[in-house]
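Here's a quick briefing for anyone opening this structure for the first time. Have a look around, then use the notes below as a guide.

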Amino acid sequence: MTAASHRRPGRTRSAPFVFLLPATLLFILFLALPICYALWLSFRRVHVHGLGLGAHARSEVWAGLENYADALTDSELLHGAMRVAGYGCIVVPVMLGLALLLALMLDTERVRLAPFTRLAIFLPYAIPGVVAALLWGFLYLPDVSPFYYVLEKLNLPQPDLLDGGPLYLALSNIAVWGGTGFNMIVIYTSLQAIPAEVYEAAKLDGATPLQIALRIKIPMVAPSLVLTFFFSIIATLQVFSEPTTLKPLTNSVSTTWSPLMKVYRDAFGSGDLYAAAAEAVLIAIATLLLSFGVLRTATRRNRQEPTP
């Protein structure tokens, strides 16, 4: 046996780590290190000596939990969280309901042009969020929107979708329009994985298409529904591009409309990186706890369901 043959097992065992090395380095450089740096900044603050003039007038000192206490008592951050909660109560059920309905419709035997229909429904997801917000924003403006022109010619009321309560509907519409296609593809893929024998047995028992959908398809794609609900919750808590893009078009969207917009304003508008870091950490913790709660509830429910 040659020396080269003795080295082959070691090379084989080390090969996975070699392939993982680039992804690991990117993860450390662009995710782990920034997170650690944000945590470090969240416990720091700037101490001003005297009038704040001179080269050594400002110094970075340890602040402990002071930034977190300020963030938790900040009314702007709390109001932003409440607005995002109301926004999510509209987006998540409507988007997932439409995605489930479209997936069930595409999974029927009588559907025509299924590939084209799937592509048409999925296509809005491929459009960047900023571009989608700009497109819908101009459609919401009375001066340039063709919809307002038609309503005016028909002598119908012209609601201002960028002011007051309708603003939630306008922002939710952008999110639903862009995210329904992705969730539909996830649910539709799960429906395609259900064995055909299950449907045949249900038909032999006299089940109607509606009964098959309600009693077989939806329960069997429940893990996909939990997954899409999980992703939707995270996306809702991190909403930023839609209200930021619509802000120049209306006075109803403030610079702190959502928690992430508050973080952005404090970091790059006010220059307070330490408060912004604490707020970002709190948003990450809230997202983690809510996501963990959703997954834990779904897992516990699956365990409690009796096996057939």
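Ala114, Ile121 and Pro124 are the buried residues of helix H4. Among the elements that cover them are H3 and H7. Keep in mind that this is a predicted model, so every value here is computed from predicted atoms.

**Helix H4**

- H4 runs over residues 114-126, and its 13 residues reach 19 Å from the first C-alpha to the last. That's close to the 18 Å expected at 1.5 Å a residue.
- There's a bend of about 25° in H4 at Ala120. A proline, Pro124, follows within four residues, and Pro124 is also one of the buried residues of this helix.
- Phe122 and Tyr125 both sit in H4, and because they're three residues apart, about one helical turn separates them.
- As background, an α-helix has 3.6 residues a turn, so residues three or four places apart point the same way.

**Aromatic rings**

- How many aromatic pairs does the model have? The count comes to 13.
- One of the pairs is Phe122 with Tyr125: their ring centres are 5.5 Å apart and their planes meet at 45°, so the pair is tilted. Tilted here covers angles from 30 to 60 degrees.
- Phe122 is partly exposed, with a relative accessible area of 27%. Tyr125 is partly exposed too, at 41%.
- Phe230 and Phe231 make another tilted pair, with ring centres 5.8 Å apart and planes at 50°.
- Are Phe230 and Phe231 buried or exposed? Phe230 is buried because its relative accessible area is 17%, under the 20% cut-off. Phe231, at 37%, counts as partly exposed.
- These four residues come together with Phe182: Phe122, Tyr125, Phe182, Phe230 and Phe231 form one aromatic cluster.

**The nonpolar cores**

- The largest nonpolar core has 21 residues. Inside it, Tyr87, Ile174 and Trp257 have the most contacts.
- Helices H3 (75-106), H5 (129-140) and H7 (166-192) each supply at least two residues of this core. H7 gives the most, with six residues.
- Which residues does Tyr87 touch? Leaving out residues up to four places away in sequence, Tyr87 touches Tyr168, Leu171, Ser172, Ala175, Thr236, Val239 and Trp257.
- Apart from this core lies another one, of 17 residues. Leu104, Met184, Tyr188 and Ala213 are among them.
- In general, nonpolar side chains tend to be buried together in soluble globular proteins.

**Helix H7**

- At 1.5 Å a residue, the 27 residues of H7 should span 39 Å; the end C-alpha atoms are 38 Å apart, so the two figures agree.
- Where does H7 bend? The bend is at Gly179, by about 40°.

**The loop before H7**

- Asn155 lies in the loop between helix H6 (146-153) and H7.
- Asn155 has a positive phi of about 55°, although it isn't a glycine.
- Asn155 is exposed, because its relative accessibility is 70% and the cut-off for exposed is over 50%.

**Pro259 and Gly293**

- Pro259 lies in helix H12 (residues 259-269) and is buried, with a relative accessible area of 9%.
- Not counting residues up to four places away in sequence, Pro259 touches Leu77, Gly80, Ala81, Val84 and Ile283.
- How far apart are Pro259 and Ile233, or rather, what is their C-alpha to C-alpha distance in space? The distance is 14 Å, with their positions 26 residues apart in sequence.
- Gly293 is found in helix H13 (residues 273-304). Gly293 is partly exposed, at a relative accessible area of 30%.
- Gly293 and Ala15 are 278 residues apart in sequence and 37 Å apart in space, C-alpha to C-alpha.

**Cysteines**

- How many disulfides are there? The count comes to zero, with sulfur atoms needing to be within 2.5 Å to qualify.
- Cys36 counts as partly exposed, at 49% relative accessibility.
- Cys89 is exposed, with a relative accessible area of 58%.

Notes. Residues numbered from 1 in each chain as written. Predicted model: local features only at pLDDT ≥ 70, side-chain atom pairs only at ≥ 80, totals over all residues. Heavy atoms only, no water. Core = buried A, V, L, I, M, F, W, Y, C linked by side-chain atoms within 4.5 Å. Buried < 20%, exposed > 50% of the residue type's maximum accessible area, 1.4 Å probe, protein only. Contact = heavy atoms within 4.5 Å. Expected span 1.5 Å × (residues − 1). Bend = angle between axes of the 7 residues up to and from the residue. Phe/Tyr/Trp six-rings, centres within 6.5 Å; stacked < 30°, edge-to-face > 60°.
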